[in-house]
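Grab a viewer and work through these exercises with the model open. Each one sets a task and then walks through a solution.

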Amino acid sequence: MTSTADKATTEAVETVTLTIDSREVTVPKGTLIIRAAEQVGIDIPRFCDHPLLKPAGACRQCLVDVAAPDREGNVRPFPKPQASCTMTAMDGMVVNTQHSSESAKKAQEGVMELLLINHPLDCPVCDKGGECPLQNQAMSSGRTETRFIDVKRVFEKPLALSSEILLDRERCVLCQRCTRFSKEIAGDAFIDLQNRGAMQQIGTFNEDVLNFDGYEPIGVAAEDESGRAFSSYFSGNTVQICPVGALTSASYRFRSRPFDLVSSAGISEHDSSGAAIRTDHRRGKILRRLADNDPVVNEEWVTDKDRFAFTWQNLSDRITRPLVRGEDGELHEASWPEALAAAAKGLRTALDGDGEDATPQGAAVLPGGRVTMEDAYAYQKFARLVLRTNDVDIRTRVASDEEQDFLGSSVAGTGMGVTFTDLEKAPAVLLAGFEPEDEGGVVFLRLRKSLGRQRVFTIAPYLSRGAEKLDATLLATAPGGEGKAFAAVKGSTDAAEALKQDGAVIIVGERLAGAPGAFTQALALAKRTGAKLAWIPRRAGERGAVEAGALPALLPGGRSVTEASARDAVAQAWGADALPEQAGRSASAIIADAAAGKIDALVVGGVTPSDLSDDLTAALEATGFVLSLEVRRSEVADYADVVLPVAPPSEKSGTFVNWEGRLRGFATAIKTDAMSDHRVLDILARELGVHLGTGAVAEISQQLGSLGAATKAERPAAPKVDAAKVDAKAGSELVLASWHLLVDEGALQDGEPYLAGTGRTAVARLSRKTADAVGLKDGLVTISSGTGSLELPVVITDMIDGVVWVPAKSPGSWVAQELGVEPGARVTVKGGV
Amino acid sequence: MTESDDVWKVNREREGQAERFVSNLPEPGPVGKVFAPVAGFGVTIRNFFKPTVTEQYPEKRDTAMPRYHGRHQLNRYEDGLEKCIGCELCAWACPADAIYVEADSNTPDAQYSPGERYGRVYQINYLRCIFCGLCIEACPTRALTMTNDFELAGPTREGLIYEKQDLLAPLEDGMLAAPHPMVPGTKDDDYYKGDVTQVVDEQVEWVREHRPEEPTLPENRKAEAARG
């Protein structure tokens, strides 16, 4: 590249040409020798080197002979072998690896011998045995016999870094992959090297190790260098990248061997990022999940929730056979034909009346937000064709009509919009109603990758730890007031200027549905600044359901139910005469109406009543017929008349659409006879005399493909709602702020105590001024609403006055269930319990 | 007439044409000629007076050679803890895929083997096992050895999948059934080196407290012996 190169053309990459083992290779300038060697298929043993971490040169295993041209251009060899993982390639360099140089081979053998001196011979009990880089490379590039005859260094083992991550220090080869990951990628520098020389080791802050006689800190000494206790949402990645068995996870410890396991590629069902995972299973049981390498989405990292929360699928309350409520009022196991007949009868009565009841009130569908795109499509098609209603809504969370208009006009059927790469390259990012670390772990990692090159602004009540790690600027806003906050980003404010840069991104989360005018203002801001807009929901199924039209006023592809042309297009594609014309009710309206006895039948899939601020149990109780499609026996089943078992994600195939709009298809990992929701609905529709055509994933893809995206005329208009002003003042009536922490008591994290142990304790956050006005007693507050109360310890936080923040579903803080209100509502807060 | 009949016919004709068989053995004498019809019994009669080699199995059971590859056994240390650590190296080595192991963590409440890891599930499928002994070579703790037991037949397939309890070595006198803690002050290495030679009082006390009914407790052994 020359300085006159045209900026508009693709940037030419400056390359260098070097010789490795007599093979010439041309690589971009700045490439490490070890990477250059990989390109021509030459394997150099290594431990500390990782393509996504900065070079460290810690293990010295990758020593090679290097000769490079000096100033006069004479190629002169370095006097000693060099670490190929820290040295960049240069023009005319001659590299000889262990394959062609005796001295490199000898050097590598020497390093290996040194590493093995203190490494215990406990491979038979070590989890890494069989997939261990140290084991493999000791065989390939180590000496055949040991000369070491002394006693090996031993440590107490294992050291529990957290309830999930265990450290066997004697196995450690001090490559520092884990500490580098923690610092560079996750930003949780909870472990570091301690001591020197032979006693050097990885550990958390521990005064015993550091010999701080007489200098012990007050309190528990399990804190890291930044003074925080070890808790990271990404700690599982250190286990995966550990090249020896030093870091292991409590949930997989001693459970299996690699040769027992069958590996299946999959997509995580835990958030809307669609992280690629690898599921390892044995005899139909999942033993562990690992991050898969997908450079455009999650790179090689996943959150601990993606990695460890899989036990929920196979707990003892798993349903494998249909249940039908008998004459005695109890659920009994039934055959499929029997259960389908009972379900069909119940739904038919709700639709057509039973002869005596002259005015049937119809049925509604609540699929929940965790379904695949295919399942969402089947649910909405079932509602529209079989139940002849638009009452289908996946948004069993805070939702609004404004949000639906936003989704229909700007999200559904728009294909790939902002991508992870765009996030990484964005010069400025504005977050609203979205906490990247808690509500989209992989998004957080991608943003953090650009730390220092990117300005992050966040519209939130306080700077959360995740936002702090992104070095974000807080635009302090009480929940509900996000619309006004967007409007305030104008003129020459810092944020407005930053967002005007090329490639800036505005991220809006699903919580904005609780703030009137927020989506309207976000669209206006995007238009004003030219920034790109991305909607990042929390749950994995949301975007797919939006695409599939599982919303009360949206048909597949972003078509509006109220547009006749859109309805006709869909009706024609489905071979139906007409579709119901009236826009359906939202999830919370469905629940309210059902509770009031205005709905005769409910079809419920994957909804946890305790996640809803609306009283779903009352609705279920008041509804004549309840059909539940579920994996595990839930609270819904207690009220259901018919329960049909469906497959968990590992036992079915399908597609999650991640927030980018990227289709993340996955195949069945474990083959069982469990059926996907869409197949069950297809059979049930047949029982009711309707051909739904959702029996197979391929059928549905074909239908969705032929439907395509809506035209502009078929879409709902962009929302136009006035932004609400929230008047938050310190006092006893405070505005409630809340979101789900990544690790909490969500239904998909059941049965994994080791993961639960890494979650954060529930606290209420108040500003100093607000806390003084409330008047704390013993550092505790009681937060109450009309329906219930929460008692939580208080942490004084630098945050907006007049707001109290609590985690949404952490131990002791089930906001939706106990308070029955959404964030943004007023709650009464008083000191003490 | 079919072709095969032709062949038969031809063969018969050839037979008639063939020369008669003439033995080149010496002609027997007159006495030989008299006894010729019963000479074949000679071997039988001679064996009446030789020692028998027939084994009267199953009435009388003989032992196999000392290094015979028979049924496997999971051994114990002298204090009764299991030697198996559930490392699955035997399963890995097995060319017939006959061994299935699942390991688990020892806990203070349930210590089955020295150290952190023990074999929770251990199965050998004797319908698959070829008794090659590679598993024995692979075992790092000498937990798995082979006995001389060769009686491995049964009426069901399930019955021939031997579980851990079927394979564990019997508890000899002085051994205490697992789970119980390791000998206080010892590490797994001490067990591997063979430094643990007997049950100690602390272990007996622990079992007495947690499982007073345990038949391998000294007092229960005595009571059992008294009952006969």
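**Exercise 1. Find how strand E3 of chain B is joined to E5(B), and place both in their sheet.**

Step 1. Start with E3(B), residues 117-125: two bridges join this strand to E5(B), and the two run antiparallel. Strands here are DSSP runs of E with at least two residues, helices are runs of H or I with at least four, and both are numbered from the N terminus. Two strands pair if DSSP finds at least two bridges between them.

Step 2. Pick out one bridge: Asn125(B) has Ile161(B) in E5(B) as its partner.

Step 3. Now zoom out to the sheet, which is open, has three strands in the order E2-E3-E5 (chain B), and pairs them antiparallel. E2 (99-105) and E5 (161-162) of chain B each have a single partner strand and stand at the edges, so one side of each lacks a neighbour in the sheet.

A word on ground rules: this is a predicted model, where local features need pLDDT of at least 70 and side-chain atom pairs count only at pLDDT 80 or more, while totals for chains, interfaces and linings use all residues. Residues are numbered from 1 along each chain as its sequence is written, chains are lettered from A and ligands numbered from 1 in the order written, and side-chain values use heavy atoms, leaving out hydrogens and water.

**Exercise 2. Describe the contact between chain B and chain A.**

Step 1. Count residues: chain B brings 16 and chain A brings 18, with contact meaning heavy atoms within 4.5 Å.

Step 2. Get the area. About 1400 Å² is buried between the two chains, 53% of it from carbon and sulfur atoms; buried area is the accessible area (1.4 Å probe) that two parts lose on being put together, summed over both. Trp92(B), Glu116(B) and Arg117(B) supply 42% of what chain B buries against chain A, more than any other three residues.

Step 3. Look for charge pairs. There are four salt bridges between chain B and chain A, each a side-chain nitrogen of Lys or Arg within 4 Å of a carboxyl oxygen of Asp or Glu. One salt bridge pairs Arg253(A) with Glu116(B) at 2.4 Å, N to O.

Step 4. Ask which elements of chain B touch chain A. Helix H4 (89-93), E2 and E3 of chain B each give two or more residues to that side, and E2(B) gives the most, with six.

**Exercise 3. Follow Arg253(A) to its salt bridge with Asp168(A).**

Step 1. The side chains of Asp168(A) and Arg253(A) meet at 3.1 Å, N to O.

Step 2. Locate both ends: Asp168(A) is in the loop between strand E8 (165-167) and helix H4 (177-186) of chain A, and Arg253(A) is in the loop between strand E11 (247-249) and strand E12 (262-267) of chain A. The two residues are 85 residues apart, so the pair links distant parts of the chain.

**Exercise 4. Track down the backbone oddities.**

Step 1. Recall the background: most residues other than glycine have a negative phi, and most peptide bonds are trans.

Step 2. Check the prolines. Tyr57(B) and Pro58(B) share a cis peptide bond with omega about 5°, and Pro58(B) lies in the loop between helix H3 (42-47) and strand E1 (72-74) of chain B. Ala178(B) and Pro179(B) are also joined by a cis bond, omega about 5°; Pro179(B) is in the loop between helix H6 (164-167) and helix H7 (188-193) of chain B.

Step 3. Turn to Arg60(A), a residue other than glycine whose phi is positive, near 65°. Arg60(A) is in the loop between helix H1 (33-39) and strand E3 (63-69) of chain A.
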